[in-house]
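Here is a short briefing for a first look at this structure. Keep the sequence and the model open side by side as you read.

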Amino acid sequence: MSSDILIIGAGPAGLAAATAAADAGLQIDIIDDNFMSGGQIWRGGAQQQRDPRALAMWQKLTNNNHVRFHFQSKVVHASKKNAEYEFIVETQAASQAGTQSHILTAKKIILCTGARELLLPFPGWTLPGVTGAGGLQALAKAGYPVAGKRIIVAGTGPLLLAVAASLIERGAQVTHILEQTTFSQLGKFGLGLLATPSKITQAIGLWRSLRSVAYHSNSYVEAAVGNDKINGVRVNIQGEQRELPCDLLACGYGLIPNIDIAAALGCELEHDANSETDYACVKVNEWQMTSLDGIYCAGEGTGVGGVDLALAEGSIAGYAASNQTIQNIPAEHCFGERDSWKNFAQRLHRHFALRKELRQLAQADTIVCRCEDVSFSQLQQYRDWRDAKLHTRCGMGACQGRICGAANRFLFSWEKDVGRLPLSSAKISSLLVLNAEQQTPAD
Ligand SMILES: Cc1cc2nc3c(=O)[nH]c(=O)nc-3n(C[C@H](O)[C@H](O)[C@H](O)COP(=O)(O)OP(=O)(O)OC[C@H]3O[C@@H](n4cnc5c(N)ncnc54)[C@H](O)[C@@H]3O)c2cc1C
């Protein structure tokens, strides 16, 4: 299948990119591995959200004959072929009988692949009942029952408040929120919200729904306790150690850009200057174009900044990819929006920088690579990611280092290899699709 503009990711950035590009009358294809649009924040479909921007974009796109959505479709391989980019996509078959593999090609690509949660190891973090903060929210939105469960939400950033509020909405008993940053940093972040009044309204709404929850700044989880599942946590609340009972712990330390496809294609990366944790993100110019001709990137992939930044960047990328850059007034408006939300992102990273104590939590026997059962002490003796990987199989399991790669960067400052193909575990038949296409008749 061939497209004029292929958008990978149907979250806020992808939807905004498609909405902006849709006016140009080009064939637009949008791929997402979820079974609905909306990405992480608008899980359950853009058409189901309270945010009017989501519904407006969904209506515009579904009423446009030139726009095709491909859900439950995962890009597993990306390459350049002549003047086009080529992707192997695995689509979940309607009959649930497995996946079908096919090739999508396009001259213009907009990468809107979002972010992943940063999970850091501490004793007990592999116990059943311990998840990421956004991870538990995603599970709950997909129907995982949380009603009546005592939940502790921990980690860092405003995402903790959104997660706690959505768990309470589903009947959970969120007992504590543990925020690792200090009270004074929170105060400064709060003052900075004066520059973005819409965030103040959002914050007030969240605090209202969290009235019954004990919120502690300068606090973090030291260990999860339990035998075959979690039944409590040992926490450090403003320097004092305490044990708190719980049924579930949702613990996440912010987000890191998902750069896999961009790296595989060879787009130049940079380190997110805004972020203390300094994870790699995709380098783009003012029109969101990457270092490769025809490839644009928008949303969390260019640096984590939240939904509003993702929308502004997505719109700019959509106008640019569809050649509507010259006299397009909405595009000009998006530049101001983008600048404003970039400033917000900078404040977010500055005030929620990770404290050094989090590097000391893992004990010798704490598992760091969950797929291959590699402990902290096994890793300590190696110099870099490659060395550790060759000797321990760290990062070589099912998730291919998506979890431990980021954790190891925080713990040991190791740079993980990026851009490997296939992008995730793929069916052999999928890779054969590419192979078959490359065979000449003589072969
Ligand atoms: C777990 C989690 C929960 C979050 N919850 C909230 C919240 O409650 N409130 C809030 O304000 N912000 C939340 N965020 C932050 C939020 O993701 C962003 O602010 C916003 O959604 C960014 O939009 P985006 O379009 O850049 O990325 P996303 O919304 O993440 O969309 C990216 C999309 O790309 C798809 N994708 C990625 N790789 C592939 C591939 N290889 N093939 C096919 N599809 C692919 C993903 O499935 C996803 O649908 C959350 C983030 C995470 C990671």
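The axes of α1 and α8 come within 7 Å of each other and cross at roughly 35°. This crossing of α1 and α8 is right-handed. The model is a predicted one.

**Helix pair α1 and α8**
- On the α1 side, the contact is made by Pro12, Ala13, Gly14, Leu15, Ala16, Ala17, Ala18, Thr19, Ala20 and Ala21.
- α8 answers with Val307, Ala310, Leu311, Glu313, Gly314, Ser315, Ala317, Gly318, Tyr319 and Ala321.
- By class, the contact of α1 with α8 holds 14 nonpolar, 5 polar and 1 charged residues.

**Helix pair α3 and α4**
- Here the packing angle is about 30°, and the axes of α3 and α4 lie 9 Å apart.
- Angles under 35 degrees count as roughly parallel, so α3 is roughly parallel to α4.
- α3 passes α4 in a left-handed crossing.
- α3 brings Ala133, Gly134, Leu136, Gln137 and Ala140 to the contact.
- From α4 come Leu159, Leu160, Val163, Ser166 and Leu167.
- The residues of this contact of α3 with α4 split into 7 nonpolar, 3 polar and no charged.

**Around the ligand**
- How many residues surround the ligand, and which come nearest? There are 37 residues around the ligand, and Gly11, Gly39, Gly114, Gly134 and Gly299 come nearest.
- Six elements are to be noted here: α1 (12–22), β4 (73–81), β7 (115–117), α3 (133–141), α4 (159–169) and α8 (307–321) each supply at least two residues of the shell.
- Both helix pairs above therefore appear in that list, with α1 and α8 as well as α3 and α4 contributing to the shell.
- α3 gives the most to the shell, with 4 residues.
- By class, the shell around the ligand has 17 nonpolar, 14 polar and 6 charged residues.

**Domains**
- The domain assignment of the protein chain gives domain 1 (2–116 + 256–349), domain 2 (121–252) and domain 3 (362–412).
- Why does the ligand lie between domain 1 and domain 2? Both domains give residues to the shell around the ligand, so the ligand lies between them.
- The C-alpha centres of domain 1 and domain 3 are 31 Å apart.
- Their contact takes 4 residues from domain 1 and 4 residues from domain 3.
- On the side of domain 1 that touches domain 3, the classes are 2 nonpolar, 1 polar and 1 charged residues.

Notes:
Residues numbered from 1 in each chain as written. Predicted model: local features only at pLDDT ≥ 70, side-chain atom pairs only at ≥ 80, totals over all residues. Near = placed C-beta within 6 Å. Nonpolar A, V, L, I, M, F, W, Y, C, P; charged D, E, K, R; others polar. Domains from an automatic or database assignment. Contact = placed C-beta atoms within 7 Å. Axes fitted to C-alpha atoms, helices over the stretch in contact; angles between N-to-C directions. Parallel < 35°, antiparallel > 145°, perpendicular 65-115°, else oblique. Left-handed = near helix turned anticlockwise from the far one by under 90°.
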